[in-house]
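Subject: Structure for you to look at

Dear colleague,

I am passing on the structure we spoke about. Please open it below and read the notes that follow alongside it.

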Amino acid sequence: MVLPTAPSLRVLAWELTRACPLACAHCRAEAQPQAGPDELDTAACRAVIDDVAAMGRSLLILTGGEPMLRPDFLDVARHASGRGLMVVAAPCGKFVDATAVAAMRGAGIHAISLSIDAAQAEDHDRFRGWPGAFAMVTAAAAAARAGGLPFQVNTTVHRGNVDQLPALAALAAYLGAAKWDVFFLVPTGRGRGLAGRELDAQQTDGALRQVRAAAAANGLRLKVTCAPQSVRVAAEDGVSVDESGATGCLGGRSFAFLSASGQVQICGFLDTPAGSVRERPFSAIWRDSPFLAAIRDRAAWNSGCGACDHRETCGGCRARANAASGDPLAAEPSCPCA
């Protein structure tokens, strides 16, 4: 098999740990209160950072689980920042107070994300599996804002909250979020229990237009995740990518995910491994993994997405295709083009 030249890595999301105090209904990691026995140690983390930094300047997202539960969380962030990577983090909010905000800024963390999935506290708490989760995350937002640490609000959209999108955008703006990142539910991990609550093709198109309008009405920068058909919808409506927040599937092309145990994946929602950094450097896996080559070669896909006019700009969600059919190269089930 002749492997094409690997594209440049722009974003690496790194699951530092699967430990987390919450029990979110949609958690792709099926996070538990305690860390697993197979997490990369500090020395291995530094080696990965050195390798990734040598590939060029990219964005490093420290996520989990709850990344702040790693005792070396700030050390990892500081090492990555010192090697020239743009470091951000995705905490659950429980440990984000004034002291933590100052420490994160001191370690070179440029911004954080905080997840809010319902406009009402009781709905958010139920979805997150933690009484008081709504109060906790809004307090974290206040601490970040007061401490000068930019943050974005992440929202996972499903049938149970799609009618709350305007209220969620208004809440994100009220809290002072710099951006609103709207994720469309992929039923993987613990999220398999939500199968049937993801939006269908027509609902997804409608929700994409709704989040665009809600973000604009509240002066929010918008990003859409796990709905690459947003590129098609934006083109149909004659709006720019920046205005729509549209992003085609970048998994394996400019985005990668690294699991807590060292597995390289195209994203966190598709756990098909491309290789392990315990066995080979990340850069080598990114360069010559046959699985990544197959993901990148969209013209060769034997699916509706492979035959679609939007295959290069959209590509369909490979994780959602896999969740529906067991085939990561299959048609995207939440797009009418497939």
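**What was found**

Strands β8 and β9, the latter covering residues 263-265, pair in the antiparallel sense over two bridges. Please keep in mind while reading that this is a predicted model.

**The hairpin and its loop**

Within the pair of β8 and β9, Phe257 has Gln265 of β9 as its bridge partner. The hairpin of these strands has four residues between them, and Gly262 there takes a positive phi near 100°. Ser259 also has its place in the loop between β8 and β9. Is Ser259 buried or exposed? Its relative accessibility is 3%, so Ser259 counts as buried. Not counting residues up to four places away in sequence, Ser259 touches Trp14, Glu15 and Gln265. Gln265 therefore appears twice in this account, as the bridge partner of Phe257 and, by the definition of contact as heavy atoms within 4.5 Å, as a residue touched by Ser259.

**The sheet**

The hairpin strands belong to an open sheet of ten strands with mixed pairing, and the order is β7-β6-β5-β4-β3-β2-β1-β8-β9-β10. The edge strands are β7 (221-225) and β10 (275-276), each of which pairs on one side only.

On its other side from β9, β8 (residues 255-258) has β1 (residues 11-15) as a neighbour in the strand order. β1 and β8 pair in the parallel sense over four bridges. One of the bridges puts Leu12 opposite Ala256 of β8.

Towards the β7 edge, β6 (residues 179-184) and β7 run parallel and are joined by five bridges. Phe183 has Thr225 of β7 as its bridge partner. As a general point, strands of a sheet pair through backbone hydrogen bonds, either parallel or antiparallel.

**Helices α1 and α2**

Helix α1 (residues 42-54) packs with helix α2 (residues 73-82) at an angle of about 20°, and their axes are 10 Å apart. The two helices are therefore roughly parallel to each other. Their crossing is right-handed. On the α1 side the contact is made by Cys45, Arg46, Ile49 and Asp50, and on the α2 side by Val76, His79 and Ala80. Sorted by class, these are four nonpolar, one polar and two charged residues.

**Helices α6, α7 and α8**

Helix α7 has contacts to describe with two other helices, α6 and α8.

The axes of α6 (residues 165-175) and α7 come within 9 Å and cross at roughly 35°. α6 passes α7 in a right-handed crossing. Which residues meet in α6 and α7? From α6 they are Leu165, Pro166 and Ala169, and from α7 they are Ala207, Gln210, Val211, Ala214 and Ala215. This contact divides into seven nonpolar residues, one polar and no charged.

α7 (residues 201-217) and α8 (residues 230-237) have axes that come within 10 Å and cross at roughly 70°. That makes α7 roughly perpendicular to α8. Here too the crossing is right-handed. The contact is made by Asp205, Leu208, Arg209 and Arg212 of α7, with Ser230, Arg232, Val233, Ala234, Glu236 and Asp237 of α8. By class it has three nonpolar, one polar and six charged residues, whereas the contact of α6 with α7 has no charged residues.

In α8, Ser230, Val231, Arg232, Val233 and Ala234 are buried. What covers the buried residues of α8 includes α7, the strand β7 and the helix α9 (241-244). After α8 comes Gly238, whose phi is positive, near 70°.

**A contact distant in sequence**

Glu30 is found in the loop between β1 and α1. With a relative accessibility of 38%, Glu30 counts as partly exposed. How many residues apart along the chain are Glu30 and Gly189? They are 159 residues apart, yet their C-alpha atoms are separated by 5.5 Å. Leaving aside neighbours within four places in sequence, Glu30 is in contact with Gly189, Arg190 and Arg192.

Best regards

Methods:
Residues numbered from 1 in each chain as written. Predicted model: local features only at pLDDT ≥ 70, side-chain atom pairs only at ≥ 80, totals over all residues. Heavy atoms only, no water. Pairing = 2+ DSSP bridges. Axes fitted to C-alpha atoms, helices over the stretch in contact; angles between N-to-C directions. Parallel < 35°, antiparallel > 145°, perpendicular 65-115°, else oblique. Left-handed = near helix turned anticlockwise from the far one by under 90°. Nonpolar A, V, L, I, M, F, W, Y, C, P; charged D, E, K, R; others polar. Buried < 20%, exposed > 50% of the residue type's maximum accessible area, 1.4 Å probe, protein only.
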